[in-house]
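Let's take a friendly tour of the empty spaces in this protein and of one residue beside them. Have the structure open as you read.

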Amino acid sequence: MLAFPTPRPLPMLPEALRMLDMALPPARAADLPLLADLHAASRMAELLLAPWSPAQKRDFLDEQFALQHAHFVKHHRKGDFRLVTRRDAPIGRFYFDRGGPEWVLIDILLDARAQAGGIGSALIGWLQGAARDAGAAGLRLSVARTNTRAHALYRRLGFADAGEVAGTHVAMFWRP
């Protein structure tokens with residue numbers, strides 16, 4: 001698998017996240033099995049009715065993860081690939097790219113037990129503030145058309161629809 005780019009320093013996390021013992025350590029090659037498990041856990045429900053054995057389903061999800069990882073790293077060579085940790089225990093991933101005038105939220109994925117508690121909103125809010133402070137033109141992302149919860153979250157955080165991506169995703173953009 002392709003290696004993660006060299007991590008760059010980050011702006012300080014907001015007090016609300018620091019009080020929860022949250023951190024964003026750089027993802028490393030040794031974290032790939034953990035990240036593959038996180039990916040598989042988030043997608044397994046989609047395969048519930050597939051006529052495959054549990055091992056076949058996991059093999060499929062691991063293959064998807066490997067392709068997704070290669071795509072993210074290849075297309076975001078200046079990207080920040082971070083674990084999301086709470087009390088030093090990994091609970092998700094947060095990938096973003098600060099390499100251009102428009103920043104990109106590549107991906108955010110939290111373990112199911114860490115969802116719906118404000119962590120995702122706080123992380124995205126932090127990234128929006130960092131983009132504003134750095135003079136970025138804005139923050140863009142794409143979200144699966146079927147992911148209505150994420151789409152609603154991004155709208156609440158000030159993102160607007162900005163067209164389709166490959167027919168399966170919606171592009172969204174936030175301006176400071």
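## Ground rules

A polar contact is a pair of N or O atoms within 3.5 Å; within protein, one must be able to donate a hydrogen and the other to accept it, and residues adjacent in sequence count only if both atoms are side-chain atoms. This is a predicted model, in which local features need pLDDT of at least 70, side-chain atom pairs count only at pLDDT 80 or more, and totals for chains, interfaces and linings use all residues. Residues are numbered from 1 along each chain as its sequence is written, and side-chain values use heavy atoms, leaving out hydrogens and water.

## The largest pocket

On a 1 Å grid over the protein atoms alone, a pocket is an open set of points with protein on both sides within 12 Å along at least five of seven lines, and lining residues have an atom within 4 Å of a point. Grid points are joined across faces, edges and corners, and a volume is the space filled by probe spheres set on the points.

The largest pocket here has a volume of about 1800 Å³. Its lining has 50 residues, and those closest to the centre are Asp-107, Ile-108, Leu-109, Asn-147 and Ala-150. Strand E4 (a DSSP run of at least two residues, numbered from the N terminus) gives the largest share of the lining, seven residues.

## A look at Asp-107

Asp-107 sits in strand E4. Is Asp-107 buried or exposed? Asp-107 is buried (under 20% relative accessible area, 1.4 Å probe, protein chains only), because its value is 18%. Its side chain makes a polar contact with the side chain of Arg-93, at 2.6 Å.

Terms used:
On a 1 Å grid over the protein atoms alone, a cavity is a set of points where a 1.4 Å probe fits but cannot get out, and a pocket is an open set with protein on both sides within 12 Å along at least five of seven lines; lining residues have an atom within 4 Å of a point. Helices (H or I, at least four residues) and strands (E, at least two) are DSSP runs, numbered from the N terminus. Buried means under 20% relative accessible area, exposed over 50%, partly exposed in between (1.4 Å probe, protein chains only).
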